[in-house]
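Visitor: Please take a close look at a single part of the surface, and set that part within the structure as a whole.

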Amino acid sequence: MNNTLYEKLEQLSESKQIHMILQVWNVILRKCRALKYLRKNVEKRKQQIIDTDLLYVLFTSGSTGIPKGVSITHRGVIDCMDWFVETFGICHFDSLGSQAPFYFDASVPDIFLNLKAGSTLYLIPKELFAQPVRLLDFLRRKQINTIIWVPSALIAISKLKAFRSVDLTGILK
């Protein structure tokens, strides 16, 4: 590799080499101090957060048709993810296939369950949902063994007999 730091240093006089090394060292020290400052502030902020603090607001019209915002707390999501992990035995060996866009509340388990369990999240391309055999093949190829989908999505795939075309036995839990 041409023009590496070492090659540049070799071309300089000894005093200029020392000067350049000190400049690089100062940059490294500034970055380390900045990281230490950030870590200290993150830790300080983490000490102030409590589990009943607001995580996000879910905007919905619900069954009434009247728009409203629902406050979702850290504790609510943590409890829900704990339930998912305990009930379905989700762990770091699992791979989850997400169908929900991130602006939709159904994506909450897709996102936070993976953070909780250390599992892998695959975002399934939306065009595959119009092609059930390709969708199931995607699940097979990516070894996706966990899906949190509405029953109507699975019924549609089943009615189109797509399960007959793709062998998913290798990814079953």
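Guide: A contact is counted where heavy atoms lie within 4.5 Å. On that basis, 52% of the contacts in the protein with a separation of 6 or more join residues 24 or more positions apart. This is a predicted model, in which local features need pLDDT of at least 70 and side-chain atom pairs count only at pLDDT 80 or more, while totals for chains, interfaces and linings use all residues. Residues are numbered from 1 along each chain as its sequence is written, and side-chain values use heavy atoms, with hydrogens and water left out.

The part chosen here is a nonpolar surface patch of about 270 Å², formed by Val24, Trp25 and Ile28. Patch residues have over 30% relative accessible area and no salt bridge (a side-chain nitrogen of Lys or Arg within 4 Å of a carboxyl oxygen of Asp or Glu); nonpolar side chains are joined within 5 Å, like charges within 9 Å. Areas follow the Shrake-Rupley method with a 1.4 Å probe, and for residues only the protein chains shown count as cover.

Val24 belongs to helix α2, residues 14–48. With a relative accessible area of 33%, Val24 is partly exposed, that is, between buried (under 20%) and exposed (over 50%). Of the 173 residues of the protein, 21% count as buried. The protein exposes about 12,800 Å², of which carbon and sulfur atoms supply 60%.

Helix α2 is part of a secondary structure of 6 helices and 5 strands, taken as DSSP runs (H or I, at least four residues; E, at least two) and numbered from the N terminus.

Definitions and conventions:
Buried < 20%, exposed > 50% of the residue type's maximum accessible area, 1.4 Å probe, protein only.
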